[in-house]
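Colleague: I've just opened this one and don't know my way around yet. Can you walk me through it?

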Number of protein chains: 4
Amino acid sequence: MSDETVDEQIMTAVSDALQSNGYAALTMQDIADESEKSKSLLHYHYDTKEDLLVAFLDQLLTDYEQRIACRSDQPPEQRIVDFVARFVLTPEDDDRAAFHLALLEMRSQGPFNDRIREQLHRSDQLLRETAGDIIADGIEAGVFETVNSERTAALLIAALDGARTRQITLGDANTIALDGMELTYTRATVEEILSQILEPILAEECSLPSLEATLAELDREA
Amino acid sequence: MSDETVDEQIMTAVSDALQSNGYAALTMQDIADESEKSKSLLHYHYDTKEDLLVAFLDQLLTDYEQRIACRSDQPPEQRIVDFVARFVLTPEDDDRAAFHLALLEMRSQGPFNDRIREQLHRSDQLLRETAGDIIADGIEAGVFETVNSERTAALLIAALDGARTRQITLGDANTIALDGMELTYTRATVEEILSQILEPILAEECSLPSLEATLAELDREA
Amino acid sequence: MSDETVDEQIMTAVSDALQSNGYAALTMQDIADESEKSKSLLHYHYDTKEDLLVAFLDQLLTDYEQRIACRSDQPPEQRIVDFVARFVLTPEDDDRAAFHLALLEMRSQGPFNDRIREQLHRSDQLLRETAGDIIADGIEAGVFETVNSERTAALLIAALDGARTRQITLGDANTIALDGMELTYTRATVEEILSQILEPILAEECSLPSLEATLAELDREA
Amino acid sequence: MSDETVDEQIMTAVSDALQSNGYAALTMQDIADESEKSKSLLHYHYDTKEDLLVAFLDQLLTDYEQRIACRSDQPPEQRIVDFVARFVLTPEDDDRAAFHLALLEMRSQGPFNDRIREQLHRSDQLLRETAGDIIADGIEAGVFETVNSERTAALLIAALDGARTRQITLGDANTIALDGMELTYTRATVEEILSQILEPILAEECSLPSLEATLAELDREA
DNA sequence: AATGAATGAGTTTTCATTCAT
DNA sequence: CATGAATGAAAACTCATTCAT
C-alpha cells in the first residue's frame, strides 16, 4: 500500500471514486476522499479535473492493452478462446464490473471530448486488430476455414462488448439459463460465440480448447 | 410545432439538450435554453431534475418499445430481419446516434439510480422477449431449425447493441470494409448476423428477405 | 435606500467594498457583504468579476464625465476656476478620497486589461478636451493671452491629477503651509495653479473669480 | 548575473513579476517563476508575501532616493533641470514605465497597509525636500527670485508625478504635439514646467541649462 | 401557467504557507 | 540553502431549487 507512488495512489483513488459515484457525479472531493490526500494535491499533480481523468483513462487503457496482448505464444485456437474468455464477468467480479462501468461512462463522453475520443480510438483499434490477427493466424495455420477475418472479428467484438455492457448496466440479475444453470450475460454470450461463430469455422479435425479450463487458467494468472 | 403540449415541448428540449451537452454536463439551464421556456417552468412541471430525466427516459423507452413491437403481422423471417435492420445507423442518422448516445449515458447511470435501473430493466426485458419470440415463432412455423431461442436472441442483441455502442462512441470513421464498400459498424454487424447466425439456422428451402429492401421499407415508414 | 434598483445597489456595494478593501484585495464576497445580497446574485447580474468591475468603472466614469461637463453657461474665467476647484479635496471628503483611490487602483490595471484601458482613455480624452476648450474659449473671448491651449491644459491636468494622487495615497497629513494655514495638497496646488499658471496669462484688465467663492458654490450644488 | 546575491536575485524577480502581472494579480509562484528558484526559497528568506513586498518597496525607494540625491555638486539651475528631467519617460523606457506602474499600484495600497504607507511617506518627504532645497538654494544664490520654495516645489512635483501617472496608465499613445513633434506626456510637461514655472522665476541675466543636453547627460550616466 | 430574481450548497481552482528531506 | 510535496483556507463560479409576482 504505502509503497505505491503518489501517482498510483491517485489513480487508485480515481478508480475507487468512479466506482462509488459514477462519472457524471464525480467530484474532485470524491477523489480526494478516496485517497488520503487533499484536493489541492490532486491539482498539484494534475492541473485540471479533465487532465486527471484523461490521465486515468490513459493508464486504464494501457493496462487493458497489455492484458489483451499477452499469451501470444499460444496456438491460434487457444488464443481466440483466451481472447473471448477475458470478457467473461462472474457475479463476484465486482471490481471489474465497476471498472467497465466507469469505462463505459467515459466512452460515452468521447463525442464531447477530443482527448478522450483519441484514447478510445487507439484502444479500439488494438482490440479489433488483435482479434483479427488471431483469426488470420488461425486461417494461415489451417485451424480455421477461410473467412473474412476482419469482419468475423468485428462481429465477435460487437457481441462481447455488447454483452458486457448489458451485464454491467442491467446487473447480474440479468442472467441466461443454460441446461439448468444460470449464466451471466457475458458467460452465455461467450458460449454462444464459441458454438455458433467459432466452431462452425473450425477446419476438420480441429477443436477448440475448453472454455472452462481457459477461464480457470486466466483466474490463476490474476 | 406550436400545437405541441408543454410537456412535449419540454421532452423535445431535454432531448436536444442531451444531444448538445451529454448527460454528465446537462443542466436545467441547458434544457430551458433549448425550449423557449424558463428554468422555473421546468420545475413547475417536474419537481426535481431527476424527476424530469426519469420522465424523459420513460417516454424514450416507451416510444422505443412501440417501434419494436410494430409490424407483428409479418411472417417470422421478415420480422427478424426487420428487428435487426432497425439497429442499422447510417452516417446520416445524426439524431438517432445522438439519441442512442444519450441513452447510453443514462444506461450507465443505472447502477447508481434505482428509478433509472427499473426502466432500463423493463425495456431490456421487452427487447429480449421480442427477439426470442420471433425466433420461437419461426421455429414453430418451421422457418428456423430448432435452436435455443432465448440464447440465440441474447447473442443477437449483444452483437447489435455492442455494434451500436461502438459506432456511436467511436464515430462513423470506424467502418468495416465489405466487397470494396465501407459499411458502418452497425450495418456490417447486421450483415454478419444474417449470414453467420440466422442463415445457418434457416430450415431447408427457406430464405431471408433482403436487408436492402427491408431498410428501404423502414426508411419509408419513418 | 430601498427604492434603488438592484443594479444601483450592486454598484454602491462595489464602491463600498473597494473603499474598505482596495482593488487588489477585493473579492466577490466582500461586495456581497456590502450589499445585502448573495454572491450568486452578483453572478446572476454579471457573468464574471471582471464584467462587474468594468460595469462599475463605466458608471463611475460616466458620472464623472457628467460632472465635468456642467456649468458650461458661465464665462471662461469662471469655468476654468470651476474646473480646477473641482479637484480640491478637503480632509472631510472621505468618500471622494476613497472614490479616487479606487479609481487610481483601477487606473493602474489599465495596462493589464484592455476593457479597463479603453474606458480610461475615453474619460481622459474628455478631461483634456474640456480644459483645452475652456482655455481656447478664453483666448477667443480675449480673457486669456494667446497660449497653446492644449499644452497649458496638459500641464494643468498633470498638476491637478498629481496633487490628488499624492493627497489620497499619502493621506491628509501631507499638507502644505500657506500664510500660517495648513492646506491639503489639492487645495494648495489649485492655489498655485491659479497664481502661477492662470493669472500670468490673463489679459489686461481681466481677473479670475475667487476660489473661495467658487468652492462654496460647488459645495452648495452637491 | 550569477554573482548576484540571492536577495538581489529575488528582488529582480519581484520586479520582473510585477511588470508582467501587476501588483493585484501577483502571486508567489509568479515571482518564483521569474527567479530560477522555488517558492519555498522565497519563504525561507521572507516569512510572508507582505514581508517580501515591503522589502522590495524599501529597496526600490532607497535606490530611487539615491538617484535623486546625486549630482548635488552642481549649481542650483542645473540641479533643478536635472531634477525635472529625471521624470521624462521616453516610449523606449519600457522597464522604467513598468517600474513606475508597479510603484503606482503599491502607492495605492498605502491607505490599506501601514508598513507600505510609512515607506511612501519617507520617500515623498525626501522628494519634496529635495525640490524645495534646490529652489531655496537657487534663491539664496540669486538664481531665482524670491518665491515660496516649498509651494513651488509642491506644484512642480504634483505636475511631474501626475504627468508620469497619466503616461504610464494611459500608454504612450497619449502624446502632446509641440511644434510638429509628438512628445510624451512627461516630456511635454517638463517643457511646460521649464517655460511656465521655472523660467518666470529666474533672476535677470540667468538662464536654465538646456533640457536636451541634460537628458543626454542623464542617459550617459545610466 | 409562467417567469425573473434570488439563494445556499457545492464545484473547480488558486494560493500563501508549511514541512520533510 | 534549497526544494518538491502537501495542505487549508478561500477564491470565482455553477446550479438545482425556491419564491414573489
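Modeller: Sure, one term to begin with: contact means heavy atoms within 4.5 Å. By that rule, chain A and chain D do not touch, and their nearest C-alpha atoms are 13 Å apart.

Colleague: And what separates the closest C-alpha atoms of chain B and chain D?

Modeller: Those lie 31 Å apart, and no contact joins chain B and chain D. Some housekeeping before we go on: this is a predicted model, where local features need pLDDT of at least 70 and side-chain atom pairs count only at pLDDT 80 or more, while totals for chains, interfaces and linings use all residues. Residues are numbered from 1 along each chain as its sequence is written, chains are lettered from A and ligands numbered from 1 in the order in which they are written, and side-chain values use heavy atoms, with hydrogens and water left out.

Colleague: OK, chain A. How many helices and strands?

Modeller: Chain A has 10 helices and two strands; these are DSSP runs numbered from the N terminus, with helices being H or I of at least four residues and strands E of at least two. The pattern along the sequence is α-α-α-α-α-α-α-α-β-β-α-α. Its C-alpha trace spans about 65 × 40 × 35 Å along the principal axes.

Colleague: At what angle do α4(A) and α6(A) pack?

Modeller: About 125°, with the axes 12 Å apart; α4 covers residues 49-69 and α6 residues 94-107. Axes here are lines fitted to C-alpha atoms, for helices over the stretch in contact, and angles run from 0 to 180 degrees between N-to-C directions. α4(A) and α6(A) are therefore oblique to each other, given that angles under 35 degrees count as roughly parallel, over 145 as roughly antiparallel, 65 to 115 as roughly perpendicular and the rest as oblique.

Colleague: Which residues meet there?

Modeller: From α4(A), the list includes Leu53(A), Phe56(A) and Tyr64(A), and from α6(A) it includes Phe99(A), His100(A) and Met106(A). The residues of this α4(A)–α6(A) contact come out as nine nonpolar, one polar and no charged. The classes: Ala, Val, Leu, Ile, Met, Phe, Trp, Tyr, Cys and Pro are nonpolar, Asp, Glu, Lys and Arg charged, and the others, Gly among them, polar.

Colleague: Where in chain A does the salt bridge of Asp51(A) and Arg115(A) reach?

Modeller: It links distant parts of the chain, since Asp51(A) is in helix α4 and Arg115(A) in helix α7 (residues 114-140), 64 residues apart. The side chains meet at 2.9 Å, N to O; a salt bridge is a side-chain nitrogen of Lys or Arg within 4 Å of a carboxyl oxygen of Asp or Glu. Over all chains, the search finds 64 salt bridges.

Colleague: Switching topic: how much area is buried between chain B and chain A?

Modeller: About 4200 Å², with carbon and sulfur atoms giving 57%. Buried area is the accessible area (1.4 Å probe) that two parts lose on being put together, summed over both. On the chain B side, Phe112(B), Arg151(B) and Arg166(B) lose the most area to chain A, together 16% of what that side buries. The interface of chain B and chain A has six salt bridges, and Asp161(A) pairs with Arg166(B) at 2.5 Å, N to O.

Colleague: And how many residues does the contact of chain C and chain D take?

Modeller: 50 from chain C and 50 from chain D. There, Asp161(D) forms a salt bridge with Arg166(C), the closest N and O atoms being 2.6 Å apart.
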